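Reader: I'm new to this one and would like a quick tour. Could you put it up so we can talk it through?

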Amino acid sequence: NSTHKSAFIGGQRLRNLIHLDGMNQMKLIQVHDLNAYDDKGTVFNQILQLSKSGYDLFAFSASIMSKVLIDELYPIIGSFCYLIDFGSVFDPYCGLLSRAGMVYYGFDKFQPYTKMKLK
């Protein structure tokens, strides 16, 4: 188990991270799948509040909003929090083959690492 209080920022599909070992303790800040940037102000404030309550690891998978938020948050909380952009790396474990390499290998490659039935 991690010693970090962690939050993941991403779309609805990331609710399925609970099926991965070690990921079920992370809080999900859910953003709109297609228009995540519209949620930027709200997410910014949520992250600031969480950082004040002991959260110190923020994992992003929210398109361009991830990059912008990390740039804006780093000067404020970067000295005591980790801000990591994971891009689409968790997509196949959550049921979405979002990149050509993922499609090439298919869900069979990712199935052993999640309790969720991938299809």
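Reader: Let's start with strands. Which residue in β3 is the bridge partner of Ile9?

Author: Keep in mind that this is a predicted model. β1 and β3 pair in the parallel sense, over 5 bridges. In β3, Ile9 is partnered by Phe60.

Reader: And on to β4: which residue of β4 does Phe58 stand opposite?

Author: β3 also pairs with β4, again in the parallel sense, and here there are 4 bridges. Look along that pairing for Phe58, and the residue opposite in β4 is Leu83.

Reader: How does the chain get from β3 to β4, and is that crossover right-handed or left-handed?

Author: After β3 the chain runs through α2 and then arrives at β4. That makes a β-α-β crossover, and its hand is right-handed.

Reader: Is β3 mostly covered or mostly open, and how many of its residues are buried?

Author: In a regular strand, side chains alternate between the two faces of the sheet. Here Leu57, Ala59 and Ser61 point one way from β3, while Phe58 and Phe60 point the other way, and all are buried. So the strand, residues 57-61, is mostly covered, and buried means under 20% relative accessible area. The count of buried residues is 5 of 5.

Reader: Now α2. Which residue there has a positive phi although it is not a glycine?

Author: The residue is found in helix α2, and its phi is about 55 degrees. It is also exposed, with a relative accessible area of 61%, because the cut-off for exposed is over 50%. The name you want is Ser63.

Reader: Let's switch to charged side chains. How many salt bridges does a search of the whole structure find?

Author: One of them joins Asp85 and Lys67, with the closest N and O atoms 3.1 Å apart. Asp85 sits in strand β4 and Lys67 in helix α2, so that pair links distant parts of the chain, 18 residues apart. For the whole structure, the search gives 5.

Reader: Are Asp85 and Lys67 buried, partly exposed or exposed?

Author: Asp85 has a relative accessible area of 29%. For Lys67, the value is 46%. Between the cut-offs of 20% and 50% a residue counts as partly exposed, so both Asp85 and Lys67 are partly exposed.

Reader: Which residue forms a salt bridge with Asp21, and how far apart are the closest N and O atoms?

Author: The partner is Lys115. Lys115 lies in the segment after α3 and Asp21 in the loop between β1 and β2, so the pair ties together parts that are 94 residues apart in sequence. Lys115 is exposed at 61% relative accessibility, and Asp21 is exposed at 65%. As for the closest N and O atoms of Lys115 and Asp21, they are 2.3 Å apart.

Reader: Asp33 and Arg13 meet in a salt bridge too, so where in the chain are they?

Author: Their side chains meet at 3.5 Å, N to O. Asp33 is partly exposed at 41% relative accessible area, and Arg13 is partly exposed at 23%. The two are 20 residues apart: Asp33 is in the loop between β2 and α1, and Arg13 is in the loop between β1 and β2.

Reader: Which residue is linked with Arg13 and Asp33 in a network of salt bridges?

Author: We've just seen Asp33 and Arg13 meet in a salt bridge. That pair belongs to a network of salt bridges, and the other residue linked in it is Asp91.

Notes: Residues numbered from 1 in each chain as written. Predicted model: local features only at pLDDT ≥ 70, side-chain atom pairs only at ≥ 80, totals over all residues. Heavy atoms only, no water. Salt bridge = Lys/Arg side-chain N within 4 Å of Asp/Glu carboxyl O. Buried < 20%, exposed > 50% of the residue type's maximum accessible area, 1.4 Å probe, protein only. Pairing = 2+ DSSP bridges. Right-handed = clockwise from strand over helix to strand, strands pointing away.
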